Amino acid sequence: MEQLKIKNLVIEYRSRIQAGNCFIHFNNALDQHQTKVSLKATEIIIQVDDDVYKVETKEFFDINIKSFHSLLVKDTFISFRFITANNKQFDTEVLKVNGSYDKGQRIKLNFDSSNGEEEEVSVTCSNCGSLLTTSKTITLKRILELPSNNLDVSDWFCHRHNDEKIFNNSHTERDSSSNCFNEETQQFQPKTNDLFYGPFCLLMNSSLFEKSRFRQKRNLIHCKRCLQLLGESNSNSHIKFWWESIHFTNKLFFAVDNPIVLIKNVIRNHLSTDGLVVVTPIVKIIFETTIPNADQKMHVLIQVMEKHLQLLQLNMESSQLAEKKSIKVMYLMLNQSNADDERTLKYWQKDINTTTFELSFKMFHTLCEYLKTQSELIPEVYRTNNCFQLSYIELSNVNV
Ligand SMILES: [Zn+2]
Ligand SMILES: [Zn+2]
């Protein structure tokens, strides 16, 4: 039989209430009678069969060894709780109001349109490199960040622009037809030299693109050569592209290898309190996507249970605990054909505490995989809450 090994070890450490909650996941089922856990002042000792694992805690806390309780050995998991003793006697703690997150980084552009600079770019499919525009290069004069979901879109009307200089070369007349935002359709309308972008997608004027390079199914646009899903076209005026599906030749924009970083960044921004958005005590997020080749949407509901959790995770190589600033969430993947799920979705969508973000199918898939992997740190017996699964989203080191 394969040797029993630790797959993962995490401690939910809540320093305020001096509590530690340890979950240890093994690669195979454990025998209760062959498993022993003991605590020392600065060490957790796990004995399984003849193997002994030691985890040093001194860097973070001391353990009150008499407080050891709730030991559970079940299937592939060991879990237990303990009270910590503060080992930093002269430590003073500065309490932040609500303990807010710093805002995540904004998307960085190597381009400043405010001084009339222009940028020549060509746009290709990120998968096969097929040129998507009618001419080899296009000229961008204005690149603007779209308002986030919680901001009032009315700030975007042309007649409310504060800095006229920026827009001089884009609008010759100031009538309503030159607005970037169409009130009637509730859509942003980039002009031929405009690029509007959000955390997951960008909008460009349709006339820039060569229709014969696309294969369009309903409103979904695919690359004709490799059939990668590029984005959507919900109006004649513009196309919405997913960031990861197209490529700009001169690296005008940031490159992200792992889309989960973009998602974490959006969550982090959503939780940060130093913006205009006041975060309510209850935070609910819906991530939504459209399934390619099916006229269906998929949703994952995420409710934030704990905004500031110090999650200590054992690094298997160094055998040291490492701190991961995380949020604890419960999440639910919805199945559109299920009537209960449909009802839950409607209920969430009506809730004032809910914010919805739309993701590409690829990103949505990455998010679900991430939530699932993270939830596997928690023993099955503690993982489920109604139909929801508990999981962690790590928000430290979120760098775009
Ligand atoms: Zn392609
Ligand atoms: Zn405008």
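This tour moves through a predicted model, from a zinc site to a hairpin and then to aromatic rings.

Begin by selecting the zinc ion (ligand 1), whose protein donors are the SG atoms of C125, C128, C223 and C226, lying 2.3 Å from the ion. The angles among the four donor atoms run from 102 to 115°, and the site is tetrahedral. Along the sequence, the donor residues follow the spacing C-x2-C-x94-C-x2-C, and distant parts of the chain are linked here, with C125 in strand β9 (residues 123-125) and C223 in strand β17 (residues 220-223), 98 residues apart. Both C125 and C223 are buried.

From C223, extend the selection to strand β16 (residues 214-217), which pairs with β17 in the antiparallel sense over four bridges; Q216 can be found opposite I221 in β17. The two strands, β16 and β17, form a hairpin with two residues between them, and R218 in the turn has a positive phi of about 50°.

Next, display the aromatic side chains, among which the structure holds twelve aromatic pairs. F26 and Y53 make an edge-to-face pair, 6.0 Å centre to centre with 70° between the planes; F26 belongs to strand β2 (residues 19-26) and Y53 to strand β5 (residues 51-56), 27 residues apart, and both F26 and Y53 are buried. Then select F68 and F80, whose ring centres are 5.4 Å apart and whose planes stand at 70°, so this pair is edge-to-face. F68 is partly exposed, with a relative accessible area of 28%, whereas F80 is buried at 1%. Adding Y13, F61 and F82 to F68 and F80 shows a cluster linked by ring pairs.

Finish with two charges over rings: R81 lies over the face of Y382, 5.9 Å from the ring centre, and the charged end of K284 sits over the ring of W348, 4.8 Å from its centre.

Terms used: Residues numbered from 1 in each chain as written. Chains lettered and ligands numbered in written order. Predicted model: local features only at pLDDT ≥ 70, side-chain atom pairs only at ≥ 80, totals over all residues. Heavy atoms only, no water. Donors = N, O, S within 2.8 Å, 3.2 Å for Na, K, Ca; no water. Tetrahedral: all angles 85-135°; square planar, octahedral: opposite > 155°, others 65-115°. Buried < 20%, exposed > 50% of the residue type's maximum accessible area, 1.4 Å probe, protein only. Pairing = 2+ DSSP bridges. Phe/Tyr/Trp six-rings, centres within 6.5 Å; stacked < 30°, edge-to-face > 60°. Lys NZ or Arg CZ within 6 Å of the ring centre and 35° of its normal.
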